[in-house]
Amino acid sequence: MNAATLSPSTPPTARARPRSRQRLWDQVSIYLPVLLMALLAAASYWLLRATPEALEPPPERPVTHEPDYFMQRFSVKVFDASGALRSEVFGAEARHHPDTDTVEIDNARIRSVGAGGQLTTATARRVVSNAEQTAFTLDGDAVVVREPARPGQANAVPRLEFRGEFIQVFTAPERVVSDRPVLLVRGNDRLQADTLQYLGGDVRVATLTGRVRATLAPR
């Protein structure tokens with residue numbers, strides 16, 4: 001009779017171990033997304049706490065009369081919609097004042113062309129111009145010359161020249177104003193007064209007040 005060889009049987013505890021680990025992994029895998037979301041939320045919270053707060057924009061600086069830009073030895077030209085030259089300003093130095101939006105020019109020379117092509121020039125030691133270049137204040141050795149509208153013709157408007165220490169020139173509408181002594185030269189006539197109001201365009205009327213002295217050429 002042959003003896004039968006019996007293999008030792010696997011203990012029950014050894015067979016139960018893999019099943020326990022499988023059940024444990026199944027339970028952990030159920031809660032794994034929740035754990036990952038919790039970790040992500042914690043990391044986001046930490047990152048938010050670690051990020052420095054955004055800086056508040058600085059308060060706007062009050063607008064002052066201090067110049068915000070300069071120009072030296074310059075020339076500025078202004079053209080109309082058709083490309084025709086309307087005005088040209090030369091100067092040794094210019095300073096822009098932001099509070100009044102004006103430009104102050106040293107040793108200025110200005111050329112302005114009217115609607116009919118009439119040329120007006122102005123010079124002074126200091127000129128203050130508005131942003132549109134339609135108003136000019138001339139201070140110190142101010143000279144304004146308005147050339148004839150139709151030179152060489154019998155009915156031409158005579159050449160006008162204004163001289164004084166302080167003269168204001170406006171281009172829209174055309175005016176020359178001074179509240180200080182001024183000399184007006186119209187053709188060969190000379191008139192002096194304490195104040196002046198001159199309206200150009202089609203009006204062409206000069207109002208002189210105060211001590212008025214006139215030297216009129218013979219007609």
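Glu104 stands opposite Val128 in E4, and Glu104 itself is found in strand E3. The model is predicted. Its protein chain has one helix and twelve strands, and the points below take up the E2–E3–E4 pairing, the nonpolar core, an aromatic pair and the loop that holds Asp194.

**Glu104 and the pairing of E2, E3 and E4**

- Strand E3 pairs with E4 in the antiparallel sense, over eleven bridges.
- E3 also pairs with E2, again in the antiparallel sense, over nine bridges.
- In the E2–E3 pairing, His97 stands opposite Thr102 in E3.
- The hairpin of E2 and E3 has four residues between the strands, and Asp101 in this hairpin takes a positive phi near 50°.
- Glu104 counts as buried because its relative accessibility is 14%, under the 20% limit.
- The side chain of Glu104 makes a polar contact with the side chain of His97 at 3.0 Å.
- Leaving out residues up to four places away in sequence, Glu104 touches Glu93, Ala94, Arg95 and His97, and also Arg126, Val127 and Val128.

**Nonpolar core**

- The largest nonpolar core has 24 residues, and those touching the most other members are Ile105, Val127, Phe136, Leu138, Val144, Phe162 and Ile167.
- At least two residues of this core come from each of the strands E2 (85-97), E3 (102-113), E4 (119-130), E5 (135-146), E6 (160-171), E8 (182-186) and E10 (195-199).
- Beyond its neighbours within four places in sequence, Val144 is in contact with Thr120, Thr121, Ala122, Leu138, Leu160, Glu161, Phe162, Ile167 and Val169.

**Aromatic pair**

- The count of aromatic pairs comes to one.
- Phe162 and Tyr198 form this pair, with 5.4 Å from centre to centre and 55° between the planes.
- The arrangement is tilted because an angle of 55° falls between the limits of 30 degrees for stacked and 60 for edge-to-face.
- The pair links distant parts of the chain, since Phe162 lies in strand E6 and Tyr198 in strand E10, 36 residues apart.
- Phe162 is buried, with a relative accessible area of 1%.
- Tyr198 is likewise buried, at 5% relative accessible area.

**Asp194 in the E9–E10 loop**

- Asp194 is placed in the loop between strand E9 (189-193) and E10.
- With a relative accessible area of 22%, Asp194 is partly exposed, because this value lies between the 20% and 50% limits.
- The side chain of Asp194 reaches the backbone nitrogen of Arg211 at 3.0 Å.
- Apart from residues up to four places away in sequence, Asp194 touches Asp179, Arg180 and Pro181, as well as Thr209, Gly210 and Arg211.
- The C-alpha atoms of Asp194 and Thr209 are separated by 6.0 Å, while the two residues are 15 apart along the chain.

**Whole chain**

- Along the sequence, the pattern of the protein chain is α-β-β-β-β-β-β-β-β-β-β-β-β.
- The protein chain has 219 residues, of which 26% are buried.
- Of the contacts between residues at least 6 apart in sequence, 35% join residues at least 24 apart.
- The accessible surface of the protein chain is about 15700 Å², and carbon and sulfur atoms account for 58% of this area.

Conventions
Residues are numbered from 1 along each chain as its sequence is written. This is a predicted model: local features need pLDDT of at least 70, side-chain atom pairs count only at pLDDT 80 or more; totals for chains, interfaces and linings use all residues. Side-chain values use heavy atoms; hydrogens and water are left out. A nonpolar core is a set of buried Ala, Val, Leu, Ile, Met, Phe, Trp, Tyr and Cys residues joined through side-chain atoms within 4.5 Å. Buried means under 20% relative accessible area, exposed over 50%, partly exposed in between (1.4 Å probe, protein chains only). Contact means heavy atoms within 4.5 Å. Two strands pair if DSSP finds at least two bridges between them. A polar contact is a pair of N or O atoms within 3.5 Å; within protein, one must be able to donate a hydrogen and the other to accept it, and residues adjacent in sequence count only if both atoms are side-chain atoms. Accessible areas come from the Shrake-Rupley method with a 1.4 Å probe; for residues, only the protein chains shown count as cover. Rings of Phe, Tyr and Trp (its six-membered ring) pair if their centres lie within 6.5 Å; planes under 30 degrees apart count as stacked, over 60 as edge-to-face and the rest as tilted.
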